[in-house]
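Please take me through this structure stop by stop, telling me what to select in the viewer and what is found there.

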Amino acid sequence: MARRLKPPPAVVLGQSGEAAGMATMVAELVRANLADSPGRCRIARRARGSVVLLADDRSLGVTVTFGDEQVVVDASPAADAPVLAGPWLTMATVCAGARSPLAAVARRELHVVARRPFRALLAAGYVLKVPRSIGAGADRR
Amino acid sequence: MPDIYTSEWYDAVRDAINAGVGQLRSVPEGRFVVAVEVVGDGVSPYVDAATERRFLMEIDEGSCLWYRELAPDEDERAHLDGRVDYRFRGPATVFDEIAAGLLDPVDVALRGAIAVKGDMRLLLRNAEHVASLLEAYTNAVSTTWPLGQPPYAGAGPDPHGSLHQQGAATGA
C-alpha cells in the first residue's frame, strides 16, 4: 500500500508591518520551495523558533517563525530572534541560491547576529534557498 | 525628452533596459511576460480615478523585445502565447514618483505599495537583472510631465507614509 505523503507545512502571513511586500515575497518563496522539496518540508516541520531577515540597507526586516505544521512570516523584525542581515540585493541572491551564504558571510557582505535558537537560522537558510534546478541564469562572464 | 507614458517614452525605457542588460554578469534564460497595472488614485493627472492603465512587456534573455499599452477593455491574453509571468500593480502616484526618481522602486515593492505577483524564486534569483530593469525605468530616461510633475500638490506632504523615508532611488 502506497504511503500517503503529508502535505507541506502551511505558510501564512502573520502580523502586518512596514515590510509587507518583503514578507509576501519571502512567504511565496518558502511556499514554492516547500511544495517542490520533501527535504525542505522535513526541516520546516522539525524546526522551532524565529529568524529575522534584515535588509539593512533599507531598514526593513521580516520574521520567519517555524511552528507546528506551519511557517509564519511577519512583516516586521522580532526583537529577540537571530538575525541574518545585509543589503537586499545580496540577501535576495543568497536566498535564491545564486550565491553561497557562507561566502557572503566570510566576505562580510552578510552578517549573523546569533541569538538563540541558532538552529532556526540554519533551518531558515535551507528552507529559503531555491533549488539549483530552478531558473539558473545564463552566465555571461 | 519624451512625455511620460507615451510611445516615445516607453521606447526610451526599452532602449535603456537593453543598454543596461549589456552590463550584467548574467541574465535570466528564456522569455517572460511582465504586466504593469497603474491604478488611478485621484491624485495623478495621468490616470483617471477609478480607471487603470495596463502595459505588457516581453523580456527575452534579459532584453525587452516589445511593450504595449492595452486599451481599457482589451484582453491581455490576445497578445500572449502563454500567461503573464509577473504582475506589478499599484497606485498611479507611486508609479509617477518612481519614474520621477522620487521613490526607490525596490523600497516600494518591499514595503508593499506596489504588489508583485509571480514566481518569487526566479525573481530573487535574477535580482540583479530586476534591479537593472528598475534602474532604467527610474533614472535612465529624461522625462517631461505635460500635466504636472510629482510630487503632486494635492497628494499632501507624504501620501505614502514611510515610502519617502529612504529618499530617492538608491540604485537597488
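Helices (H or I, at least four residues) and strands (E, at least two) are DSSP runs, numbered from the N terminus. This is a predicted model, in which local features need pLDDT of at least 70 and side-chain atom pairs count only at pLDDT 80 or more, while totals for chains, interfaces and linings use all residues. Residues are numbered from 1 along each chain as its sequence is written, chains are lettered from A and ligands numbered from 1 in the order in which they are written, and side-chain values use heavy atoms, with hydrogens and water left out.

**Stop 1: the largest pocket**

Select helix α5 of chain B, residues 127–139. This helix gives seven residues to the lining of the largest pocket, the largest share. A pocket is found on a 1 Å grid over the protein atoms alone: it is an open set of points where a 1.4 Å probe fits, with protein on both sides within 12 Å along at least five of seven lines, and its lining residues have an atom within 4 Å of a point. The volume is about 960 Å³, taken as the space filled by probe spheres set on the points, which are joined across faces, edges and corners.

Now add B:V34, B:F88, B:L123, B:V130 and B:L133, which lie nearest the centre of the pocket among its 49 lining residues. The lining has 36 nonpolar, five polar and eight charged residues. Here Ala, Val, Leu, Ile, Met, Phe, Trp, Tyr, Cys and Pro count as nonpolar, Asp, Glu, Lys and Arg as charged, and the others, Gly among them, as polar.

**Stop 2: the sheet of chain B**

Show the strands of chain B. Five of them form an open sheet with mixed pairing, in the order β4-β3-β2-β5-β6; two strands pair if DSSP finds at least two bridges between them. At the edges are β4 (63–70) and β6 (115–118), each paired on one side only. The twist averages 15 degrees from one strand to the next. Angles run from 0 to 180 degrees between N-to-C directions, and axes are lines fitted to C-alpha atoms, for helices over the stretch in contact.

Select β5(B), residues 86–91: four bridges join this strand to β6(B), and the two run antiparallel. One residue to label is B:R89, whose bridge partner in β6(B) is B:A115.

**Stop 3: an aromatic pair**

Which way do the rings of B:Y5 and B:F55 meet? Their centres are 6.2 Å apart and their planes at 25 degrees, so the pair is stacked. Rings of Phe, Tyr and Trp (its six-membered ring) pair if their centres lie within 6.5 Å; planes under 30 degrees apart count as stacked, over 60 as edge-to-face and the rest as tilted. B:Y5 is in the segment before α1 of chain B and B:F55 is in strand β3 of chain B, so the pair ties together parts that are 50 residues apart in sequence.

**Stop 4: two helices of chain A**

Move to chain A and select α1 (residues 20–36) and α2 (residues 38–46). They pack at an angle of about 115 degrees, with their axes 5 Å apart. A:N33, A:L34 and A:D36 in α1(A) meet A:P38, A:R40, A:C41 and A:A44 in α2(A), where contact means heavy atoms within 4.5 Å.

**Stop 5: two backbone details**

Finally, go to B:P150 and B:P151, whose peptide bond is cis, with omega near 5 degrees. B:A50 is not a glycine, yet has a positive phi of about 65 degrees.
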